[in-house]
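Okay, thanks everyone. Let me pull this one up on the screen and we'll walk through a few spots together.

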Amino acid sequence: CSSLALLGTCLGFEWLLQLSGGTLDTGFDSENISLPLVMTDAAPDSKLFRNLDPSLYAMLQSNQSSALNNHGAGITPSHFASQRVSDTFTLLSTSFDRNGVEFV
């Protein structure tokens, strides 16, 4: 089985999620803040991350992260898993908003 790596960032992710039949959650407190990525178990072997320099992979997970967030919409991991989109897309990372709520 071959697969294609798709990267959806910010509105691109929201668009891909909605095009594949998913729905978003709102109310995340993640506007104008840089947050570290919390990698899932699938991330290290993914097409996106498997050949990434280890220092860059570590930086993405550090508090010095360059992952700027500027939105209130997203999806919780449990909501993601409960939708058909989890059959198509593999969740590679999440973050936690200012209130400690995990989101994609």
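I'll go through one helix, then one strand residue, then one loop residue. Keep in mind that this is a predicted model.

So, helix α1 to begin with, which runs over residues 11-19. Which of its residues are buried? F13, E14 and L17 are. Those three cover an arc of only 100° around the axis, so they end up on the same side of α1. Flip to the other side of α1 and you find L11, W15 and L19, which are exposed. And what covers the buried residues? The cover includes α3, residues 77-82, and α4, residues 85-88. Just after α1 comes G21, and the phi there is positive, about 95°.

Next up, T94, which sits in strand β4, residues 93-96. Buried or exposed? T94 has a relative accessible area of 4%, and buried means under 20%, so T94 counts as buried. Its side chain has a polar partner, too: the side chain of E102, at 2.7 Å. If you skip the neighbours within four places in sequence, T94 is in contact with P36, L37, V38, P77, E102, F103 and V104.

Last stop is N51, in the loop between β2 (38-39) and α2 (54-60). Here the relative accessibility is 71%, and the cut-off for exposed is over 50%, so N51 is exposed. How far is N51 from T40, which is 11 residues away along the chain? C-alpha to C-alpha, the two are separated by 16 Å.

That's my tour, over to you.

Conventions: Residues are numbered from 1 along each chain as its sequence is written. This is a predicted model: local features need pLDDT of at least 70, side-chain atom pairs count only at pLDDT 80 or more; totals for chains, interfaces and linings use all residues. Side-chain values use heavy atoms; hydrogens and water are left out. Helices (H or I, at least four residues) and strands (E, at least two) are DSSP runs, numbered from the N terminus. Buried means under 20% relative accessible area, exposed over 50%, partly exposed in between (1.4 Å probe, protein chains only). A polar contact is a pair of N or O atoms within 3.5 Å; within protein, one must be able to donate a hydrogen and the other to accept it, and residues adjacent in sequence count only if both atoms are side-chain atoms. Contact means heavy atoms within 4.5 Å. The arc is that of the directions from the helix axis to the C-beta atoms.
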